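I opened this entry to keep track of what I looked up and in what order. The model comes first, and my notes follow.

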Amino acid sequence: YNMNITDYHFDAVLENFWCASELMEMSNPVITDAVEVLGKVRQMVTAGCTVRLEIARKKSESQGTDGLYECLGAATGLQTFIDKLYETMAKDEMIKHYFTGSKMEAIKKSQGSYLAVMFGAPIQYEGRPLDRIHSVMSISDFEFDSFLSCCGTALRAVGADSQNVDECVVLLETARRDVLINRRPHDVKRTQEAASAKSVYERIGGEVGVTNMVE
């Protein structure tokens, strides 16, 4: 019940199962039947997250986000959360490459402002619309889920209780459509191949190869 397993996560498991089965050279009828059987436990696996997020959604709709803003520590608390969020994302292999570069502080400030408004801060967001920001980025559902996971981790790290974390996740979920404006489908095989492939460093001969090139 306390695990945030969504339909996206469950679908990822099924997709990886299908790919692994193909690599084991199972026939398509067998794989199809196996996936169908696994699919029967979807509701039980995702029930906890589904119920909790629905409760949080109804609370947010009926009571607004003013109370949430105060529960998160108002301006000071939200800044602490943003700092912790960026520390967390910097360690996440799935999305850390999106949060590097010389303009990182400006991006952090703009994103912090957007999230503050989303969570009930009495300020105005003056940045560009999300869909325009992400129109040149091919972000997948799995990467967005990684971002949500980082947010949850950061919120808990700064003292937010499970109810407030759920409310924040529900609000963040409303941004998925704009963030995935140029959605890139997840390619399991390509991901597995990339994970198992040798790095450029290894392919050129490691330390010896680099030393010879320099010389």
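**Notes on the core and the surface**

I began with phenylalanine 81 and, leaving aside its neighbours within four places in sequence, I found it in contact (heavy atoms within 4.5 Å) with Leu115, Phe119, Cys151, Ala154, Leu155 and Val158. I note that this is a predicted model, in which local features need pLDDT of at least 70 and side-chain atom pairs count only at pLDDT 80 or more, while totals for chains, interfaces and linings use all residues. Residues are numbered from 1 along each chain as its sequence is written, and side-chain values use heavy atoms, with hydrogens and water left out.

I then looked up the largest nonpolar core, a set of buried Ala, Val, Leu, Ile, Met, Phe, Trp, Tyr and Cys residues joined through side-chain atoms within 4.5 Å; it has 36 residues, of which Phe81, Leu85 and Phe119 touch the most other members. Two or more residues of this core come from each of helix H4 (66–71), helix H5 (74–89), helix H6 (104–118), helix H8 (141–157) and helix H9 (162–173). Helices here are DSSP runs of H or I with at least four residues, strands are E runs of at least two, and both are numbered from the N terminus.

For the whole protein I recorded 13 helices and 0 strands. Of its 215 residues, 35% count as buried (under 20% relative accessible area; exposed is over 50% and partly exposed lies in between, with a 1.4 Å probe and protein chains only). Among contacts between residues at least 6 apart in sequence, 79% join residues at least 24 apart.

Next I checked H5, whose 16 residues reach 22 Å from first C-alpha to last, close to the 22 Å expected (1.5 Å times one less than the number of residues). Its buried residues include Phe81, Ile82, Leu85 and Tyr86.

How many of the 12 residues of H9 are buried? I counted 9 of the 12, so H9 is largely enclosed by the rest of the structure. Among these buried residues are Asn164, Asp166 and Glu167, alongside Val165 and Cys168. The end C-alpha atoms of H9 are 16 Å apart, which agrees with the expected span.

Last, I turned to methionine 24, in the loop between helix H1 (7–23) and helix H2 (28–39). Is methionine 24 buried or exposed? Methionine 24 is exposed, because its relative accessible area is 58%.
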